[in-house]
Amino acid sequence: MTLFEKIAARQIPADIVYEDEHTIAFRDLHPVAPIHVLVTPRLPLPGLSSAGTEHIEVLGHCLNAARRVAAQLGLEPGGYRVVINNGDDAGQTVPHLHLHLLGGRQMSWPPG
Ligand code: AMP
């Protein structure tokens with residue numbers, strides 16, 4: 001079981017802010033913004049690279065959940081950022097696909 005599957009199964013505590021049939025979203029343990037939520041599919045895809053065309057719906061559900069959580073947490077209309085770290089060079093540390101939803105402060109570009 002991945003770390004995020006254990007959170008979904010309530011085996012590891014987390015501050016869950018949203019869940020539906022396909023996704024679960026919880027606050028990051030080490031936030032890098034005032035609002036930092038991880039949106040993850042219940043299906044334990046290791047990363048974006050592991051997704052195929054058969055996962056288009058799963059990917060869509062994740063994006064839709066991120067949009068809903070952003071609105072729920074008051075990040076509209078100010079704005080927010082959604083990030084996927086895929087693989088070592090991007091700094092991915094948890095091998096279960098997840099979107100970082102970041103907001104509540106001014107972001108810079110490009111990211112470091
Ligand atoms: P990434 O580096 O893109 O794989 O992101 C993994 C994220 O998971 C990091 O931002 C960590 O702070 C976060 N994280 C690790 N363990 C937990 C946990 N138990 N609950 C919530 N977030 C976690």
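Mentor: Let's start with a term: a polar contact is a pair of N or O atoms within 3.5 Å. Keep in mind that we're looking at a predicted model.

Trainee: What makes the pair formed by the ligand and the side chain of H98 a polar contact?

Mentor: An oxygen atom of the ligand is 2.9 Å from an N or O atom in the H98 side chain. The cut-off is 3.5 Å, so this pair counts as a polar contact.

Trainee: How much of the ligand does the protein cover?

Mentor: On its own, the ligand has 510 Å² of accessible area, and the protein covers 85% of that.

Trainee: And how do you know that G91 and V94 make polar contacts with the ligand?

Mentor: Try the cut-off again. A backbone N or O atom of G91 lies 3.0 Å from an oxygen atom of the ligand. For V94, a backbone N or O atom is also 3.0 Å from a ligand oxygen. Both values are within 3.5 Å, so both pairs qualify.

Trainee: Which residues around the ligand are the closest?

Mentor: The shell has 16 residues, and the closest are D28, N85, T93, H98 and H100. By class, there are seven nonpolar, seven polar and two charged residues in that shell.

Trainee: Which element supplies the largest share of the shell?

Mentor: That's α1, with three residues. Both α1 (3-8) and β2 (23-27) give at least two residues to the shell. As for the site itself, the space that the ligand takes is the largest pocket.

Trainee: Let's zoom out. How many helices and strands does the protein chain have?

Mentor: Two helices and five strands. Starting at the N terminus, their order is α-β-β-β-α-β-β.

Trainee: Why is the protein chain called as compact as a globular protein of its length?

Mentor: Set the value against the rule: the radius of gyration is 13 Å, and the globule rule gives 13 Å for 112 residues, so the chain earns that description. Along its principal axes, the C-alpha trace spans about 35 × 30 × 25 Å.

Trainee: Where are P77 and P110, and what are the omega values of the bonds leading into them?

Mentor: P77 sits in the loop between α2 (56-72) and β4 (81-83). The peptide bond from E76 to P77 is cis, with omega near 5 degrees. P110 belongs to the segment after β5 (99-103), and the W109 to P110 bond is cis too, with omega near 0 degrees.

Trainee: What makes R10 worth a look?

Mentor: Its phi is near 65 degrees, a positive value in a residue other than glycine. You'll find R10 in the loop between α1 and β1 (16-19).

Note on methods: Residues numbered from 1 in each chain as written. Predicted model: local features only at pLDDT ≥ 70, side-chain atom pairs only at ≥ 80, totals over all residues. Heavy atoms only, no water. Near = heavy atom within 4 Å. Polar contact = N/O pair within 3.5 Å; in protein donor to acceptor, adjacent residues only side chain to side chain. Areas by Shrake-Rupley, 256 points an atom, 1.4 Å probe, with all protein chains shown as cover. 1 Å grid on protein atoms, 1.4 Å probe; cavity = no way out; pocket = protein on both sides within 12 Å on 5 of 7 lines; lining within 4 Å. Sits in = over half its atoms within 2 Å of the grid points. Helix = DSSP H or I, 4+ residues; strand = E, 2+ residues; numbered from the N terminus. Nonpolar A, V, L, I, M, F, W, Y, C, P; charged D, E, K, R; others polar. Rg over C-alpha atoms; globule rule 2.2 N^0.38 Å.
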